[in-house]
Amino acid sequence: MPRHFDTTFDVVRELKPSYPVYCLRPDILRESAKRFVDMFPGNVLYAVKCNPHPEIMRYLHEGGVRHFDTASPEEIALVRRQFPGMNVYFMHPVKSRDAIRSAHRVFGVKHYVIDTEDELEKVRAETDGETDLVIHVRLATPPAGAAYNLSAKFGARPMTASELLKKVDGYGYAAGLCFHVGSQCTTPNGYRIAVELIRQVVDFSGVKVRYIDVGGGFPGQYMNQRAPGLEVFMEEIKDCIRWLGLPDTTFMCEPGRALVSSGVSLITQVHLRKEDQLFINDGVYGSLSEAVTGQLRFPVRPMRIGGDFNETDTLDFTIYGPTCDNMDVLPATVTLPADIREGDWIEFGHIGAYSNALATHFNGFYPELLVTVGETFPFIDGEFPQVG
Ligand SMILES: *Cc1c(COP(=O)(O)O)cnc(C)c1O
């Protein structure tokens, strides 16, 4: 069990950490899961890759998540170790034959994704003639308002998807269709465009599609990316489902980011200041890679013990990470008190998604300490009250 503190300021006061500290908010994680499960008209699969830490998964499970979207035997094993008997789905369109065999034989996984005929044949060959499986055909969707496009690499075009559905059906499998609008999709319209394609593929194939999986992509809130609330996305999706009019179809989704982003913050420490440059103990090879890959800007708040910041005077700082690589720098400057100095701390909020999951050991730096805290990270129209 991680140590619990009432506030992140208590973490700083007690540990005076010179290393990065992940601060989990169990209540927010449970509540995000519960809201999603309550609002989505179907099965909610947590996309494990987004944050596979067992503590994160524990709170999501406590909040009602019962299905897990995985992409490797390692992730499948991780879920099964922690939650024996929980529903695991193998949603990667390109799997090794060994991975398919172990998913089938060792873990009894029933759901697989394909986007080519070759992959369908692989799944068929490696699952011992079992037909009590669901094969989902992944459809590529046009990019629409997402920070990351996930259809450049995976997904069949509509005509191919339709042919694949017919093959899946012909082999006696239950057929599914899935897509991913791209991660950090800030417009509900992205889902509508994808569902319109789904409609064409369903109609054209003539196959009874038992599962439709609208994927992940539900956004988090960042300083430069304010997205509509979850209820707006859910209304759009419910409207799309009514329009599809498929009463015997089970709907699924695979949120990662939306379940975890606001439930974690990260405490970092300033190790040196050179004028308007700050050198801190975490960076783009650690927890902050999405500052580069998704151009995301996280909310921050400075912390100091034994003194106050000058609250009126701020400065835009360039923030460098701890490794010796030139690239280890945040692409956008961060506004902080002008008198911030060595030994102060900077807390980054909304850091739950794709942070620890992507952190490397490069140069001997690896953020790993995790605690739980009671407070929420303040996020009020771009204003972040300072503490300390
Ligand atoms: C990454 C991924 C997800 C999760 O995406 P988010 O944008 O974090 O919601 C879901 N499904 C698949 C297939 C993915 O690759």
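Which residues does Lys49 touch, not counting residues up to four places away in sequence? In this predicted model, they are Glu75, Tyr354 and Ala357.

## Lys49 and its annotation

An unreviewed UniProt entry carries the annotation "modified residue: N6-(pyridoxal phosphate)lysine", and this annotation covers Lys49. The residue is located in the loop that runs between strand S3 (43-47) and helix H3 (54-62).

Lys49 has a relative accessible area of 44%. That value is neither under 20% nor over 50%, so Lys49 is classed as partly exposed. The accessible area is computed with protein chains only, so the ligand does not count as cover for Lys49.

## The ligand site

The ligand is surrounded by 13 residues. Lys49 is among the closest, together with Ser183, Gly217, Glu254 and Tyr354. Tyr354 thus appears in two roles: it is one of the residues that Lys49 touches, and it is one of the closest to the ligand.

Three pairs of atoms describe how the protein meets oxygen atoms of the ligand. In the side chain of Tyr354, an N or O atom is 2.5 Å from a ligand oxygen. For the side chain of Lys49, the corresponding distance is 2.8 Å. Gly256 contributes a backbone N or O atom, which lies 2.9 Å from an oxygen atom of the ligand. Taken alone, the ligand exposes 390 Å², and the protein buries 91% of that area.

## Cys324

UniProt, again in an unreviewed entry, lists Cys324 under "active site". Cys324 sits in the loop between strand S14 (314-320) and strand S15 (334-337). Its relative accessible area is 74%. Because this is over 50%, Cys324 counts as exposed.

## Two domains

The protein chain is divided into domain 1, made up of 4-23 + 262-373, and domain 2, which covers 26-259. Their C-alpha centres lie 33 Å apart. Across the boundary, 20 residues of domain 1 are in contact with 22 residues of domain 2.

## Arg25

Arg25 is found in the loop between strand S2 (21-24) and helix H2 (26-39). With a relative accessible area of 1%, which is under 20%, Arg25 is therefore buried.

The side chain of Arg25 takes part in a polar contact of 2.6 Å with the side chain of Ser265. The Arg25 side chain also reaches the backbone oxygen of Glu375, at 3.0 Å. Leaving aside neighbours within four places in sequence, the contacts of Arg25 include Thr8, Gly263, Val264, Arg301, Glu347, Val373, Thr376 and Phe377, as well as Ser265 and Glu375.

## Helix H1

Helix H1 spans residues 8-15, and its buried residues are Thr8, Phe9, Asp10, Val11 and Val12. One of these, Thr8, is also in contact with Arg25. The buried residues of H1 pack against strand S1 (4-5), S2, strand S11 (264-274), strand S13 (300-303), strand S16 (345-348) and strand S17 (369-373).

Both ends of the helix have a local feature. At the N-terminal end, Thr7 acts as a cap, with a side-chain oxygen 3.3 Å from the backbone nitrogen of Phe9. Just after H1, Lys16 adopts a positive phi of about 40 degrees.

Key:
Residues are numbered from 1 along each chain as its sequence is written. This is a predicted model: local features need pLDDT of at least 70, side-chain atom pairs count only at pLDDT 80 or more; totals for chains, interfaces and linings use all residues. Side-chain values use heavy atoms; hydrogens and water are left out. UniProt positions are given in the numbering used here, feature names are shortened, and annotations may be inferred rather than shown by experiment. Helices (H or I, at least four residues) and strands (E, at least two) are DSSP runs, numbered from the N terminus. Buried means under 20% relative accessible area, exposed over 50%, partly exposed in between (1.4 Å probe, protein chains only). Contact means heavy atoms within 4.5 Å. A residue is near a molecule or strand if one of its heavy atoms lies within 4 Å of it. A polar contact is a pair of N or O atoms within 3.5 Å; within protein, one must be able to donate a hydrogen and the other to accept it, and residues adjacent in sequence count only if both atoms are side-chain atoms. Accessible areas come from the Shrake-Rupley method with a 1.4 Å probe; for residues, only the protein chains shown count as cover. Domain bounds come from an automatic or database domain assignment.
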